[in-house]
Amino acid sequence: MLEFSRGHLRSAVPAAALAVSLGAAGCSVDDGAEKNAVPSGEKITIGFVNGNRVQFHMCLQKALQGRAAKKGVEVLTANSAMDPGKELSNIDDMIVKKVDVIVVQTVNIDSLQGGVSRANRAGVPIFLTGVASGVDQSKILGAVVADVEQVGRSLGAWLVKDSGGSPAEVAIIGGAPGAAADLMTGAFKKSIGTRADVVFEQPAFWQRSKAQDVAENLLQARPRVKYVLVQNEDMAFGAEAAFRAARRTDIKILTNGGTAEGVQAVKAGRFAVTVSNTPKDVGEMAVENVVALLRKDSSAKKIANVPETVVTKDNADKAPPYCV
């Protein structure tokens, strides 16, 4: 899944985390994509502006470069190091280098608006990974996104099945208020029905250490809690450390990410369930969709959702790889 990071209330993704589906996975190529078409005989050059150097971002870049190499597509890269100003500078640099398309894993959706405007003025199409919410679709070539609301629904459905519909106290350790975190939380709450009661909810701002503190507060405030939704695996490890220290191995952790470490935690019983929507899929799908859109392939989707897998002990051995 999308990764989310501290301080990015409206950001793209760690833990992943956290991009937001527009519910438009079936949209086809529009006039904007056709206007920027590259004939089939010409080589495509992608300018990839990455947002950070943490595991999610680097796995995404590796997957994008690997798929591009297989398709004969050149990739130029830049990293914004979580700096919105650097992201704008990187987009400007890609424009100067006359790439055919700029693929952006954005630092922040607010700063992205300026980057999209600059690319539009220069006549260079923009394609987004991880997030598309808050951006005028007519201004971008397309996007590959993770449906965080579906993640929330899937985890809620798992809880209902696991509890058998019996009453249960539920807690939520969220990322940061706003955007993707709120969408996941809202969908989760709707899907758990009336028998499960959310008795505690607090953000941990995508930080493992903060999640451990929040989990300790949870145990003091609601010692009878049975299920805890933790919105990415890094925070889930922090929460699990607090529960283990308190000898509360009965608490079931529901989380999101699909990293090798997260899947192993499911196998070991440290997490009850995780949802996998990997940067490997995001990177590979981005190249496939960019090429299809630039080549005016009529079957190309403007907004495509990354596939998700609900990972439990039963299927953990078959979980999709997180990285290339």
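**Two open sheets and their packing helices**

The buried residues of helix H9 pack against helix H8 (233–245), strand S10 and strand S12; buried denotes under 20% relative accessible area, exposed over 50%, and partly exposed the range in between (1.4 Å probe, protein chains only). The model is a predicted one, in which local features need pLDDT of at least 70 and side-chain atom pairs count only at pLDDT 80 or more, while totals for chains, interfaces and linings use all residues. Residues are numbered from 1 along each chain as its sequence is written, and side-chain values use heavy atoms, with hydrogens and water left out.

Helix H9 spans residues 260–267, and Gly262, Val263, Ala265 and Val266 are its buried positions. These residues lie on the same side of H9 because they cover an arc of only 155° around the axis, the arc being that of the directions from the helix axis to the C-beta atoms. An α-helix has 3.6 residues a turn, so residues three or four places apart point the same way. Just after H9, a positive phi of about 85° is found at Gly269.

In total, the protein has 10 helices and 12 strands. Helices (H or I, at least four residues) and strands (E, at least two) are DSSP runs, numbered from the N terminus. Of the 324 residues of the protein, 56% count as buried. The exposed area of the protein is about 13200 Å², of which carbon and sulfur atoms supply 46%; accessible areas come from the Shrake-Rupley method with a 1.4 Å probe, and for residues only the protein chains shown count as cover.

One open sheet consists of 6 strands in the order S7-S6-S8-S9-S10-S12, with mixed pairing. Its edge strands, each pairing on one side only, are S7 (196–203) and S12 (309–311). Two strands are taken to pair if DSSP finds at least two bridges between them. From one strand to the next, the twist averages 20°; axes are lines fitted to C-alpha atoms, for helices over the stretch in contact, and angles run from 0 to 180 degrees between N-to-C directions. Within this sheet, S8 (residues 227–230) and S9 (residues 252–257) pair in the parallel sense over 3 bridges, and Val228 has Ile253 in S9 as its bridge partner. Helix H7 (residues 208–221) packs on the sheet and touches S6, S7 and S8, its direction making about 140° with that of S7. Helix H5 (residues 148–163) lies across S6 (168–174), S7, S8, S9, S10 (273–276) and S12, and runs at about 155° to S9.

Another open sheet, with parallel pairing, is formed by 6 strands in the order S2-S1-S3-S4-S5-S11. Here S2 (74–79) and S11 (303–305) are the edge strands, each pairing on one side only, and the twist averages 15° from one strand to the next. Strands S1 (residues 45–50) and S3 (residues 101–104) run parallel and are joined by 4 bridges, with Gly47 standing opposite Ile102 in S3. Helix H10 (residues 279–294) packs on this sheet, touching S1, S3, S4 (126–130), S5 (142–145) and S11, and its direction makes about 155° with that of S4.

Ala68 belongs to helix H2 (residues 55–70) and is buried, with a relative accessible area of 0%. Leaving aside neighbours within four places in sequence, Ala68 is in contact (heavy atoms within 4.5 Å) with Val73, Val75 and Val287. Although Ala68 and Val287 are 219 residues apart in sequence, their C-alpha atoms are 6.1 Å apart in space.
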